[in-house]
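Open your viewer, turn on the cartoon display, and get ready to select a few residues at a time. We will walk through the model stop by stop.

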Amino acid sequence: MINRSIVLSAIVKNSATDPFVLSDSLSRLEKTKIDTIELYFPFEKTMEMKSVISDHRIRNIVYPIAGVQKMKGFSLCDLNERNRMNAIFLLLRAFETANEVGAKKVLITTGRDTDKCDREKALEQFMKSMERLLPEAENFDVVLETGDRTVDARQLLGPTDLSMEVTEEIRKKYNNFYLTLDTSHIAQLGENVEDSIEKALKLSNHVHLASCILTPGHPLYGDKHPFFSHPDGVLSDERLHNIFDYVVKRSEEEKRDILIGHEVIDRSGERLGGLEKAIEESPWFFL
């Protein structure tokens, strides 16, 4: 079964902090096929946001702490033990928040890539972090979003083949651990997006449909998630539609649940951001 989500705190920025904006966004989404929101909000806003969400039909939540990890440098693969433990404490608090709001998934990332000669040690550190964290994740899935290595976020994981190898190892013990496959991040890795999704989907129950711009010097170069209609984007609306159809087909054939998310970062400053624009541009996803 396919479920559809939207990264709400990216497309409607103030939905993460303003309960009235969140409520109006959810009211609009109730008229679409969206059944899940991916929403980061500060820990201190948990009960307020939970109250708003409970008043709406859309109650399935993904809590994406990965954005905070990337922006503030909380790395689960840090070679410095104090820094690594700070990242673990952040995620444990995120897990508490996930439990409080009934989230179905917590989205994480590894942390910044290190010097090539240290990658083996960094992977060991990441595996240690997972051994500490995953026993605390009994009520939801932990989904690891892979990232680019050289363009923008520069995450340890990373290349699809390596990410699959690590995930297979972790899943021997923790079967609620999966990959999140982000089409923009795969493109930034220099991989063929369709090929990577085809081989890695068996280890994923969460796909992000997103584009990126890879023209050096462009103001939206890197991991900026432009609208699917952006003429400089490497993944067009049509191509993303085809990827969506492929994932739907795999979900039906394999009889398993996969969440497909729409991710765009809005920069308009409008109260409801780019929500209406996204719906109008990609009716195949929303309507």
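**Stop 1: a pair of strands.** Select strand S2 (residues 36-38) together with strand S3: the two run parallel and are joined by three bridges. Strands pair here if DSSP finds at least two bridges between them. The names come from DSSP runs numbered from the N terminus, with helices being H or I runs of at least four residues and strands E runs of at least two. Before moving on, note that this is a predicted model, in which local features need pLDDT of at least 70, side-chain atom pairs count only at pLDDT 80 or more, and totals for chains, interfaces and linings use all residues. Residues are numbered from 1 along each chain as its sequence is written, and side-chain values use heavy atoms, with hydrogens and water left out.

Now pick Glu 38 and look across to S3, where its bridge partner is Val 62. To get from S2 to S3, the chain passes through helix H3 (residues 46-54), making a right-handed β-α-β crossover. Right-handed means that, with the strands pointing away from you, the path from the first strand over the helix to the second runs clockwise.

**Stop 2: the other side of S3.** Keep Val 62 selected and add Lys 105, which stands opposite Val 62 in S4. Strand S4 (residues 105-108) also pairs with S3 in the parallel sense, over three bridges. Is S3 itself buried or exposed? Four of the five residues of S3 (residues 60-64) are buried, so this strand is largely enclosed by the rest of the structure. Buried means under 20% relative accessible area, exposed means over 50%, and partly exposed lies in between (1.4 Å probe, protein chains only). While you look at strands, remember that in a regular strand the side chains alternate between the two faces of the sheet.

**Stop 3: just before S3.** Select Arg 59, in the loop between H3 and S3. A polar atom of the Arg 59 side chain lies 2.9 Å from the backbone oxygen of His 56. Leaving out residues up to four places away in sequence, Arg 59 touches Ile 53 and Ser 54; contact means heavy atoms within 4.5 Å. Try a distance too: the C-alpha atoms of Arg 59 and Ala 103 are separated by 8.7 Å, although these positions lie 44 residues apart along the chain count.

**Stop 4: the whole barrel.** Zoom out and colour all the strands. How many strands close into the barrel? Eight do, in the order S1-S2-S3-S4-S5-S6-S7-S8, with parallel pairing. From one strand to the next, the twist averages 25 degrees.

Where do S1 and S8 meet? Strand S1 (residues 2-7) and strand S8 (residues 258-262) run parallel and are joined by five bridges. Select Arg 4 to see Ile 260 opposite in S8.

**Stop 5: the loop before S8.** Asp 257 sits in the loop between helix H10 (237-254) and S8. Beyond its neighbours within four places in sequence, Asp 257 is in contact with Met 1 and Asn 205. The Asp 257 side chain reaches the backbone nitrogen of Met 1 at 3.5 Å.

**Stop 6: salt bridges.** The structure holds 20 salt bridges, each a side-chain nitrogen of Lys or Arg within 4 Å of a carboxyl oxygen of Asp or Glu. Here are some to select:

- Arg 84 and Glu 81 meet at 3.0 Å, N to O. They are three residues apart in helix H5 (residues 81-101), so about one helical turn separates them. Arg 84 is buried at 5% relative accessibility, whereas Glu 81 is partly exposed at 34%.
- Arg 149 and Asp 113 have their closest N and O atoms 3.7 Å apart. Arg 149 lies in the loop between S5 and H7 and Asp 113 in the loop between S4 and H6, so the pair ties together parts 36 residues apart in sequence.
- Arg 250 and Glu 254 meet at 2.4 Å, N to O. Arg 250 is buried, at 10%, and Glu 254 is partly exposed, at 34%.

For your last selection, show Lys 70, Glu 145 and Asp 223: salt bridges that share partners join these residues into one network.

Definitions and conventions: Axes fitted to C-alpha atoms, helices over the stretch in contact; angles between N-to-C directions. Polar contact = N/O pair within 3.5 Å; in protein donor to acceptor, adjacent residues only side chain to side chain.
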